[in-house]
Amino acid sequence: MKTDLIKAFKLTLAFCLLLSVGYIGVLWMFAKLEGPANGTVEMLSVKNREVGAVLVGQEFTRNDLFWGRPSAVDYKADGSGGSNYGPDNSEYLAIVKKRIDKFLMAHPYLKREEVPAELVTASGSGLDPHIPVKAAYVQIERVADARHLSVTSLRALVDELAEKPIGGPSVVNVLKLNVNLIKITE
């Protein structure tokens, strides 16, 4: 019995090492070979000051910047997750209504039905750095007024930074969009 326990302990230890260290090693190698930026975090800077990681959403509330998706976790990357509210939950509906009202106050030229769902509902991770291009388009007038730019030039910037994922609508990274906006106007 004692020899069986020793064998079982050794086997358990071997599998713990293999499945923890080995698994992480395989993921790391895959990220290095196939991942964006060779598995490293792409950081963006403005005036030699890092302002954020490209793959993590941030909150933007100023009228002279594009706004991203709301976050159920306050954009905390260490606590990624959704709100777990169902689509008919009264608390959730009240939160979304409040977000729509706030959005319409900043965009008086829009009707309620023209507000993109992605700008008033949080993503599953709470950290989504992208919005659909159409969600950026509805904000162009507000940003153009605040920055004293033409709508045409801002639309061109959004189109230039648009990414076309496989099998989905075109999206734009909000941090990249805002950093480029700051660089061309300041």
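## Salt bridges, core and helices in a predicted model

Arg 69 is buried, with a relative accessible area of 16%. The model that holds this residue is predicted. Arg 69 pairs with Asp 128 in a salt bridge, 3.9 Å from N to O. This pair links distant parts of the chain. Asp 128 sits in the loop between α2 and β3 (130-132), while Arg 69 sits in the loop between β2 and α2, 59 residues apart. Asp 128 is partly exposed, at 26% relative accessible area.

### Salt bridges

Side chains of opposite charge can pair when their charged atoms come close. The count for this model is 6 salt bridges. Three of them are set out here.

| Acid | Base | N to O distance |
|---|---|---|
| Asp 64 | Arg 62 | 2.8 Å |
| Asp 64 | Arg 147 | 3.1 Å |
| Asp 128 | Arg 69 | 3.9 Å |

What joins Arg 62, Asp 64 and Arg 147? A network of salt bridges links these residues. Asp 64 takes part in a salt bridge with Arg 62 and in another with Arg 147. Asp 64 lies in the loop between β2 (49-53) and α2 (90-106), and Arg 147 lies in helix α4 (residues 140-147), so the pair ties together parts that are 83 residues apart in sequence.

Burial varies across the network. Asp 64 has 17% relative accessibility and counts as buried. Arg 147, at 11%, is buried too. Arg 62 is partly exposed, with a relative accessible area of 44%.

### Helices α1 and α4

Is helix α1 largely in the open or buried? None of its 33 residues is buried, so α1 lies largely in the open. Helix α1 covers residues 2-34. At 1.5 Å a residue, α1 should span 48 Å. Its end C-alpha atoms are 47 Å apart, which agrees with that value.

Helix α4 has buried residues: Ile 140, Arg 142, Val 143, Ala 144 and Arg 147. Arg 147 is also the salt-bridge partner of Asp 64. The cover over the buried residues of α4 includes α2, α3, α5 and α6. Just after α4, His 148 takes a positive phi of about 60°.

### The nonpolar core

How many residues make up the largest nonpolar core? It has 36 residues. Phe 66, Leu 154 and Leu 177 have the most contacts inside this core. At least two core residues come from each of β1 (43-46), α2, α3 (133-137), α4, α5 (151-161) and α6 (174-185).

Leu 177 shows what such a position touches. Beyond its neighbours within four places in sequence, Leu 177 is in contact with Phe 66, Ala 136, Leu 157, Val 158, Leu 161 and Val 172.

Val 174 is placed in helix α6. Val 174 is buried, at 3% relative accessibility. With neighbours within four places set aside, its contacts are Phe 60, Phe 66, Trp 67, Gly 68, Pro 129 and Ile 131. Phe 66 therefore appears in the contact list of Val 174 and in that of Leu 177, with contact taken as heavy atoms within 4.5 Å. The C-alpha atoms of Val 174 and Trp 67 are separated by 7.0 Å, with these positions 107 residues apart along the chain.

### His 130 and strand β3

His 130 is found in strand β3. Is His 130 buried or exposed? At 17% relative accessibility, His 130 counts as buried. Its side chain makes a polar contact with the side chain of Glu 163, at 3.3 Å. Not counting residues up to four places away in sequence, His 130 touches Arg 69, Glu 163, Val 171, Val 172 and Asn 173. Arg 69, one of these, is also the salt-bridge partner of Asp 128.

### The β1–β2 hairpin

Strands β1 and β2 pair in the antiparallel sense over 4 bridges. Which residue of β2 is the bridge partner of Met 43? The partner is Ala 53. The hairpin has 2 residues between the strands. Lys 47 takes a positive phi near 55° in this hairpin.

How values were computed:
Residues are numbered from 1 along each chain as its sequence is written. This is a predicted model: local features need pLDDT of at least 70, side-chain atom pairs count only at pLDDT 80 or more; totals for chains, interfaces and linings use all residues. Side-chain values use heavy atoms; hydrogens and water are left out. A salt bridge is a side-chain nitrogen of Lys or Arg within 4 Å of a carboxyl oxygen of Asp or Glu. Buried means under 20% relative accessible area, exposed over 50%, partly exposed in between (1.4 Å probe, protein chains only). The expected span of a helix is 1.5 Å times one less than its number of residues. A nonpolar core is a set of buried Ala, Val, Leu, Ile, Met, Phe, Trp, Tyr and Cys residues joined through side-chain atoms within 4.5 Å. A polar contact is a pair of N or O atoms within 3.5 Å; within protein, one must be able to donate a hydrogen and the other to accept it, and residues adjacent in sequence count only if both atoms are side-chain atoms. Two strands pair if DSSP finds at least two bridges between them.
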